[in-house]
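Colleague: I have the sequence and the model open. Can we go through some residues, sheets and cores one by one?

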Amino acid sequence: MICFKRTAYMKDISDNSSFQPKRFWNFLNRLTNRRPSIPDSVTIDDKVLTTPCTKAEAFNHYFASGFNTGTVLPTDIGTTPYSLININEIILDQKDVPNASLKLDPSKSPRPDFIHPNILKKCASELAPSLCALFDLSLRLGKLSLDWKRSNVVPVLKKGDKSVIFNYRPISLLSVVSKLRERCILDKLIPKLLELLSLKQQGFVPRKSCVTHLLRTLNDGTAIALFADDAKCYRSANDPSGCTNFQHDINKLYDWSLRWGLAYNLDKCVGSSVSKYQIVATPFQENVKLHCTPPSSLPGFRDLSWFLCPDLKLCLSSKEKEQPIAEITNKTSVRVHFSQIFQIDINGTLTIDWALPAFDGIAFLCWVHFHSIGKRKTIIHLKIRESPRVEIKSPETVYVPEGTNLSLVCLAVGWPRPQLTWTRGDEVLLNQTSNGTYIQQNVTLEDGGIYTCSAKNQFGIEYRSVKVIVLGIPGSAPSPPPGESKEEVSFARAVLKVLPLIITLLFIFLVIIILLVIKIKRPDLFDQNRV
């Protein structure tokens, strides 16, 4: 029975892996034991801790140091509410609890109350009356049960060495019932809160993010975009006065944090500017230089990275997670990952050895971290452009015997790849891009004339012509030009056929005449009785 249930459980995970990928990978991590864990010994302030109790106390002390416990809130708080919606006006219905229960993740582990989220999800209809009554009572009294306030704090590694406590951050695992209550209240508040927000608000709004704001800013042609945090978009500025107003708002936000006793991290409050421009190069052009920023207008940078972005949206969202093609660390260490194609100097200028046609339309993203003004992104779109140039691999005049095959080769270079067309007069003989070879089998006298090859793309057109003369008999003189009558052509052919016989007869006749003349002048030469 246990094996049957386990098999059914694994099959359910496999069938729903496309809809619940997190559940699938959590199960796989448990099987392979790849989940990160706290090592046997950790260090804090040069002290090595090995026992579970001392490690727990050290984590507890470190996490608690990030909270202000003795802060006295200001007393001059205004009494005018920002909204007419009060918390005691929210009345939950029994239908709200099952709807919120459907959003619970059944793969989560039980919390301090030991109530599994799968139970709340499967038994939502049966538990809805009781839970709805508890939630309404909590809202009317304005109090929260102590059991719903308790949580299990789990250290999660941010980055760096696992044995250093400072590299961890706390995650609180709250009661699932408390989270269900918060979900019910949130579903009631969200429609009203969205009415108070501006349409330009992108952060903390469903189906919107910093990436959508950034793309909207770029599409609007904005040259500069400043953000309060690199993860959440606050606002943008298009001119120096907008930057000044933006800094003024940040200062007010800092004063507000001091007044309310909230920790404010100044290191994370930096400006991030985005600029873009375009560079045009010819195919296989050597040493194409991409400048990240105007060197004379900015102070020295700390780190610089170049990224190749076939998909600009994905590249902007991933940032440093992707491997750069070239980078400078601490302004001294230079590293190029594709040295066969790219080079970078100490000033951050990226040099492309060959402008390959495959780079047409590709965006290059330069990510610079400055000492004082934060981060700056420069997007450079590389365009490969060249007007067509045509070459015909034949002499200016081509002689071809009648009845044989005619082959004309036209070569063209340019980007985008030009369209090749062979014409004779107003007649189009060939129209394609890949191959410019025109072949005519069993040519006749009517196939003679001027043949023209044209190459055309978005940036120009060029023509080359060749004259074709069809010979009536292979190896003979050229045939009469077009316009002669067929009778004249037939007569000329007959004359050519009997011409050798006529020449032979004339030669024999001339020999006979010479002999007769000699006989008359010197008869003694033909006297047989001469001694």
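Colleague: Is N457 buried or exposed?

Modeller: This is a predicted model, so the values below are computed from it. Buried means under 20% relative accessible area. N457 has a relative accessible area of 10%, so N457 is buried.

Colleague: Which backbone nitrogen lies 3.0 Å from a polar atom of the side chain of N457?

Modeller: N457 belongs to strand β20, which covers residues 449–457. Beyond four places in sequence, the contacts of N457 are E386, S387, P388, G414, W415, P416 and P418. The backbone nitrogen at 3.0 Å from a polar atom of the N457 side chain is that of F459.

Colleague: In the sheet that holds β20, which strands stand at the edges?

Modeller: The order in this open sheet of five strands is β15-β21-β20-β17-β18, with mixed pairing. From one strand to the next, the twist averages 25 degrees. An edge strand has a single partner, so one side of it is left without a neighbour in the sheet; here the edges are β15 (397–401) and β18 (427–432).

Colleague: What is the bridge partner of L420 in β20?

Modeller: Strand β17 (residues 419–424) and β20 run antiparallel and are joined by five bridges. For L420, the bridge partner in β20 is A455.

Colleague: Now the sheet with β6, β10 and β11. Which strands stand at its edges?

Modeller: This open sheet has three strands in the order β6-β11-β10, paired antiparallel. Its twist averages 25 degrees from one strand to the next. Each edge strand has a single partner and so one side without a neighbour in the sheet; the two are β6 (286–290) and β10 (342–344).

Colleague: Which residue in β11 does F342 stand opposite?

Modeller: Strand β11 covers residues 350–354, and three bridges join it to β10 in an antiparallel pair. In β11, the residue opposite F342 is I352.

Colleague: What separates the C-alpha atoms of D353 and F342?

Modeller: D353 lies in strand β11 and counts as buried, because its relative accessibility is 18%. Among the residues D353 touches beyond four places in sequence are Q285, E286, N287 and F342. D353 and F342 are eleven residues apart along the chain, and their C-alpha atoms are separated by 6.1 Å.

Colleague: Which residues of the largest nonpolar core touch the most other members?

Modeller: In soluble globular proteins, nonpolar side chains tend to be buried together. The largest nonpolar core here has 24 residues, and those touching the most other members are L290, W306, L350, F364 and L382.

Colleague: Which strands each supply at least two residues of this core?

Modeller: One of the core residues is F364. Leaving out neighbours within four places, the contacts of F364 include L290, W306, F342, L350, I352 and L382. The strands that each supply at least two core residues are β5 (272–281), β6, β7 (301–309), β8 (326–329), β10, β11, β12 (363–370) and β13 (375–384).

Colleague: How many residues are in the other core?

Modeller: The other core lies apart from the largest one. Its members include V398, L406, V468 and V470, and its size is 18 residues.

Colleague: Where does UniProt place the feature "transmembrane region"?

Modeller: In the model, the span concerned is 100% helix and 0% strand. Its end C-alpha atoms lie 31 Å apart. The feature comes from an unreviewed UniProt entry, which places it at residues 498–518.

Definitions and conventions:
Residues are numbered from 1 along each chain as its sequence is written. This is a predicted model: local features need pLDDT of at least 70, side-chain atom pairs count only at pLDDT 80 or more; totals for chains, interfaces and linings use all residues. Side-chain values use heavy atoms; hydrogens and water are left out. Helices (H or I, at least four residues) and strands (E, at least two) are DSSP runs, numbered from the N terminus. Buried means under 20% relative accessible area, exposed over 50%, partly exposed in between (1.4 Å probe, protein chains only). A polar contact is a pair of N or O atoms within 3.5 Å; within protein, one must be able to donate a hydrogen and the other to accept it, and residues adjacent in sequence count only if both atoms are side-chain atoms. Contact means heavy atoms within 4.5 Å. Two strands pair if DSSP finds at least two bridges between them. Axes are lines fitted to C-alpha atoms, for helices over the stretch in contact, and angles run from 0 to 180 degrees between N-to-C directions. UniProt positions are given in the numbering used here, feature names are shortened, and annotations may be inferred rather than shown by experiment. A nonpolar core is a set of buried Ala, Val, Leu, Ile, Met, Phe, Trp, Tyr and Cys residues joined through side-chain atoms within 4.5 Å.
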